[in-house]
Amino acid sequence: MRAYDGRETAPAAATTELFMRDGKPMNFREAVTGGRSVGTPGVARLLEIAHRKHGRLPWADLFKPAIELAENGFPLPDRVHALLLRDRAIAGEAAARSYFLQADGTPKPAGTLLRNPEFARTLLARSEERRVGKECLRL
């Protein structure tokens, strides 16, 4: 059996002050909403290593379905729409707000075609680069 660890890690510049406001710890919701609690992803590098050792398809071919969805869009699922109706914190995040909400702040209707050309460009760049991270995982 072989296991790979692609867990995220804290950014190199992160300190405990990142989750403090006026010398006091932030409340949980404030700390986890937005980019403050996002780690440096390890999954992309993990997938590259796993592909290098076990992959059969060309690396770039693995990205094609996701690139097509991001470029051409997909209908907003009913379940995601229902979750958006309950999660008001998303309105505080500009990128998420513009992607999932209408101008009046209500969720886009189920079935709305969601496109993400910026993500498609990111995936395309990754598909053209064999190495996706600067550091190697220790296997």
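Helices (H or I, at least four residues) and strands (E, at least two) are taken as DSSP runs and numbered from the N terminus. The structure is a predicted model, in which local features need pLDDT of at least 70 and side-chain atom pairs count only at pLDDT 80 or more, while totals for chains, interfaces and linings use all residues. Residues are numbered from 1 along each chain as its sequence is written, and side-chain values use heavy atoms, with hydrogens and water left out.

A good place to start is His-81, which sits in helix H4 (residues 78–86). His-81 has a relative accessible area of 19% and is therefore buried; here buried means under 20% relative accessible area, exposed means over 50%, and partly exposed lies in between (1.4 Å probe, protein chains only). Not counting residues up to four places away in sequence, His-81 touches Leu-76, Pro-107, Lys-108, Pro-109 and Ala-110, a contact being heavy atoms within 4.5 Å.

Lys-108 appears again among the partners of Tyr-99, a residue of helix H5 (residues 94–100). With neighbours within four places in sequence set aside, Tyr-99 is in contact with Phe-74, Lys-108, Leu-114, Arg-115 and Asn-116. Of these partners, Leu-114 is 15 residues from Tyr-99 along the chain, and their C-alpha atoms are separated by 7.4 Å.

Attention now turns to a pair of helices. Two packed helices are described by the angle between their axes and the distance between the axes. For helix H3 (residues 64–72) and helix H6 (residues 117–128), the axes come within 7 Å and cross at roughly 160°. These axes are lines fitted to C-alpha atoms, for helices over the stretch in contact, with angles running from 0 to 180 degrees between N-to-C directions. H3 and H6 are therefore roughly antiparallel to each other, given that angles under 35 degrees count as roughly parallel, over 145 as roughly antiparallel, 65 to 115 as roughly perpendicular and the rest as oblique. On the H3 side, Ala-66, Ile-67, Ala-70 and Glu-71 meet Pro-117, Phe-119, Ala-120, Leu-123, Leu-124 and Ser-127 of H6. By class, this contact of H3 with H6 has eight nonpolar, one polar and one charged residues (Ala, Val, Leu, Ile, Met, Phe, Trp, Tyr, Cys and Pro count as nonpolar, Asp, Glu, Lys and Arg as charged, and the others, Gly among them, as polar).

Helix H2 (residues 43–54) has twelve residues, and from its first C-alpha to its last it reaches 16 Å, close to the 16 Å expected at 1.5 Å a residue; the expected span is 1.5 Å times one less than the number of residues. Its buried residues are Arg-45, Leu-46, Glu-48, Ile-49 and His-51.

Closer to the N terminus, Arg-21 belongs to strand S1 and, at 41% relative accessibility, counts as partly exposed. Beyond its neighbours within four places in sequence, Arg-21 is in contact with Met-26, Glu-30 and Arg-36. Met-26 lies in the loop between S2 and helix H1 (28–32) and counts as buried at 11% relative accessibility. Apart from residues up to four places away in sequence, Met-26 touches Leu-18, Phe-19, Met-20, Arg-21, Ala-31 and Arg-36.

The loop between strand S1 (20–21) and strand S2 (24–25) holds Asp-22. Most residues other than glycine have a negative phi. Asp-22 has a positive phi of about 55° although it is not a glycine, and counts as exposed at 75% relative accessibility.
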